[in-house]
Amino acid sequence: MAFRTEINMTKRSLQALTLATVGCAVLFSSQGTAQGSDGGAKFAAPKRIKAGEAFLGEGRLYPSPVVHDVDRDKLPDIVIGDLFGKVTHARRKASQPTVVLGTEESMKDRSGVLLKFHNW
Amino acid sequence: MGSQFVDFNGDGHLDYLTATFDGSPHIAYGSEAGFGKPERLKDANGERILIASYWDYDKKAHLTTGRALDTDNPPSERCISALAFDWDADGDYDLLLGSYENGHLYRQMNEGSNAAPKFTGKNIPVMAGDAAFALPAKMTAPRLVDWDGDGDLDLIAGSFGDSYSQNGKGGAVYLSRNRGSKDKPAFAPLETLIPPSPKGQSEPTRPDAGLYADAFDYDGDGDLDLVVGGYSMWTPKGRVLTDEEKATVASLRKKQSKVQKEQSGLMRKISAEATEATLGIDRKSKEFRTKWSAVYSKYRDQTSAFYKRTSAFTNQIQKLVPGPQRKSFVWLYERL
C-alpha cells in the first residue's frame, strides 16, 4: 500500500534533529500573495510555523496539527500527531506582538510513558 | 492521524480521540494526572469500530469486512480519522468516521450514553448536498468548526493529493457548511478553502500533499485561521554548470543507469523465485507471507548493496544538479 512504501522510504532517509532546549520562536515568512477563497475568506501567503529554533513538524510522517491548551495556561498550544502514532506538542510562550512557540516535545501519558497510538 | 480533544466519556476531563492507519478509532482517556494508554473504541457488540478495511493484529494482515456497511461486497475503505459529534442532539457523542481511499464520511450512532456508550456498529454515509460526502484525492481528516459563525458546526477536511510525484496534482482543504438544524445536520456541497497545489516550485512555499488542517484564531484577531500540516515538494534551481561539470553529470548518470539495470535484473530474479516458492499458496495466508519474505530476505545484502551504489551516484549528481525535495512542515494560513 502507498503508506507502506512511504514507511520504507522514510526509514532509509531519517536524519537526527538537534533541537534547542530553550528558544524563542518566530514565524518564517515566505513571499507571495493571498490565495484561496471560499467566497468570503481570503488568506495571506502561508508561513512555516517555528517551534523554538526548528520548524514545527519538520520531517514527521504526515504531521497532523490540532490546537489545544496542553498545559492549561489559557494559551493555545499545538499538538502534532503523525502516521506512526507519535504525539508531540509545542507550547505557546507568548501571543503579542507575535506568536512564540517553545521547542517541540514528546507527549507522555500519566505513567510517564511516551503517548503513542497503535498503528499497523 | 487527525486528533480531537473532547470529553468523550463525560467525566469532566478532556480525552484524546483519533484514528490510525490500522483502520479504527482510538482514544486516550484523560484524567487529573494526564492521559491513559490509548485503546481502540469498540461497538455495543464488543467489536472494533471500523469502516471496512483494517489491520488484523493477530493475523498480521490487511483485511476487509462488510459488517459495518451491511454488505457482502465491501469497498476497500479504511477509517483513518474519527470525530465525536452529537449528530442527533440527544446528549451523547456519536462518531464520524473518515475514509482514506474515497474520502467518504460515515456516522455511527451511539444508542447509549457518554459514560456507557453503545455504538451500533453500523455506518451511515454522511451526505454533502445530494451526494455522498467525498473528498477528491483521498481524505486526511475532517474537523468540526463553526466556520461561518452561525452557531452550528461545519466540516473542514484536507486531502492527500499525489503525495509522491513532483508533478501530480497536490492536496487541498475543503469546507462543507452545515445548513441543517441542531438535531438534524445537513452538510452542503464542498467549497474550496485552499486549492489543490500545482507544485513545481523551487523552494517550500506551502503544504503540497497530505494536508491536515485545523481551524483556530491563531493570532487572536477575531477570525479563524488555518494551521495545516503536510509535505512540501520542490526542486531547487541549479546553477549554470561548466562544460566539465556537464560531462561529469553525464558520466555519473551513465554509470548509475548501468547499475540500475543490474539492480532491475536482480529484482526480477527475486520476484520470479518468490512467485515459484509461493505457487498455489493462499496469498492472504501466513504461509504465503513467510515464504515470500524468506526469498526477499535471502537477497537483502545484495539489494542493500545496489541501493547504496545508486544512492551514492544520486548524491554526487545532486551536488551539481539539485534533485526533487520532499519534506513535511506545519504552516499557518492567516485569514485576511
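So, how many salt bridges does a search of the whole structure find over all chains? The count comes to 18. I'll get to a few of them, but let me set the scene. What we're looking at is a predicted model, so please keep that in mind throughout.

Chain A to begin with. There are 120 residues in chain A, and buried ones make up 47% of them. The secondary structure is one helix plus eleven strands. If you walk from the N terminus, you meet the helix and then go through the strands, α-β-β-β-β-β-β-β-β-β-β-β. For the surface people: chain A has an accessible surface of about 6,100 Å², and carbon and sulfur atoms account for 54% of that. On contacts, take those in chain A with a separation of 6 or more; 38% of them are between residues 24 or more positions apart.

Now chain B. Here we have 336 residues, 50% of them counting as buried, and the secondary structure comes to three helices and 21 strands. The C-alpha trace of chain B spans about 70 × 55 × 45 Å along its principal axes. Do the contact tally for chain B, again at a separation of 6 or more, and residues 24 or more positions apart account for 51%. The exposed area of chain B is about 15,500 Å², with 51% supplied by carbon and sulfur atoms. On charges, chain B carries 43 positive and 47 negative ones, and the mean positions of the two sets sit 15 Å apart.

Okay, the helix I want to show you is α1 of chain B, residues 243-277. With 35 residues at 1.5 Å a residue, α1 of chain B should span 51 Å, and its end C-alpha atoms are indeed 51 Å apart, so the expected and modelled values agree. Which residues of α1(B) are buried? They are E245(B), V249(B), L252(B), Q256(B), V259(B), L266(B), I270(B) and A274(B). While you look at that list, remember that an α-helix has 3.6 residues a turn, so residues three or four places apart point the same way. And what covers those buried residues of α1(B)? The cover includes α2 (286-298) and α3 (300-320) of chain B.

Next, two backbone oddities. Most residues other than glycine have a negative phi. Y62(A) isn't a glycine, yet its phi is positive, near 55°. You'll find Y62(A) in the loop between β5 (54-55) and β6 (64-68) of chain A. Is Y62(A) buried or exposed? Buried: its relative accessibility is 1%, and the cut-off for that label is under 20%. The other one is A137(B), also not a glycine, with a positive phi of about 60°. A137(B) is in the loop between β14 (131-132) and β15 (139-145) of chain B. With a relative accessible area of 43%, A137(B) is partly exposed.

Back to the salt bridges, then. E334(B) pairs with K47(A), and the closest N and O atoms are 3.7 Å apart. That pair crosses between chains: E334(B) is in the segment after β21 (325-333) of chain B, and K47(A) is in strand β3 (residues 47-48) of chain A. E334(B) is partly exposed at 23% relative accessible area.

Within chain B, D22(B) bridges to R48(B), with 3.9 Å between the closest N and O atoms. D22(B) is in the loop between β2 (15-19) and β3 (25-28) of chain B, and R48(B) is in the loop between β6 (39-40) and β7 (53-56) of chain B, so the pair ties together parts 26 residues apart in sequence. D22(B) is buried at 0% relative accessibility, and R48(B) is buried too, at 13%.

Then there's E47(B) with R67(B), closest N and O atoms 3.6 Å apart. This pair links distant parts of the chain, 20 residues apart: E47(B) sits in the loop between β6 and β7 of chain B, and R67(B) in the loop between β8 (61-64) and β9 (79-85) of chain B. E47(B) is partly exposed at 36% relative accessible area, and R67(B) counts as partly exposed at 24%.

Last one: R60(A), D82(A) and E104(A) are joined into one network by salt bridges that share partners. That's what I had, thanks.

Notes: Residues numbered from 1 in each chain as written. Chains lettered and ligands numbered in written order. Predicted model: local features only at pLDDT ≥ 70, side-chain atom pairs only at ≥ 80, totals over all residues. Heavy atoms only, no water. Helix = DSSP H or I, 4+ residues; strand = E, 2+ residues; numbered from the N terminus. Buried < 20%, exposed > 50% of the residue type's maximum accessible area, 1.4 Å probe, protein only. Contact = heavy atoms within 4.5 Å. Areas by Shrake-Rupley, 256 points an atom, 1.4 Å probe, with all protein chains shown as cover. Lys, Arg positive; Asp, Glu negative; His and termini not counted. Charge placed at Lys NZ, Arg CZ, Asp CG, Glu CD. Expected span 1.5 Å × (residues − 1). Salt bridge = Lys/Arg side-chain N within 4 Å of Asp/Glu carboxyl O.
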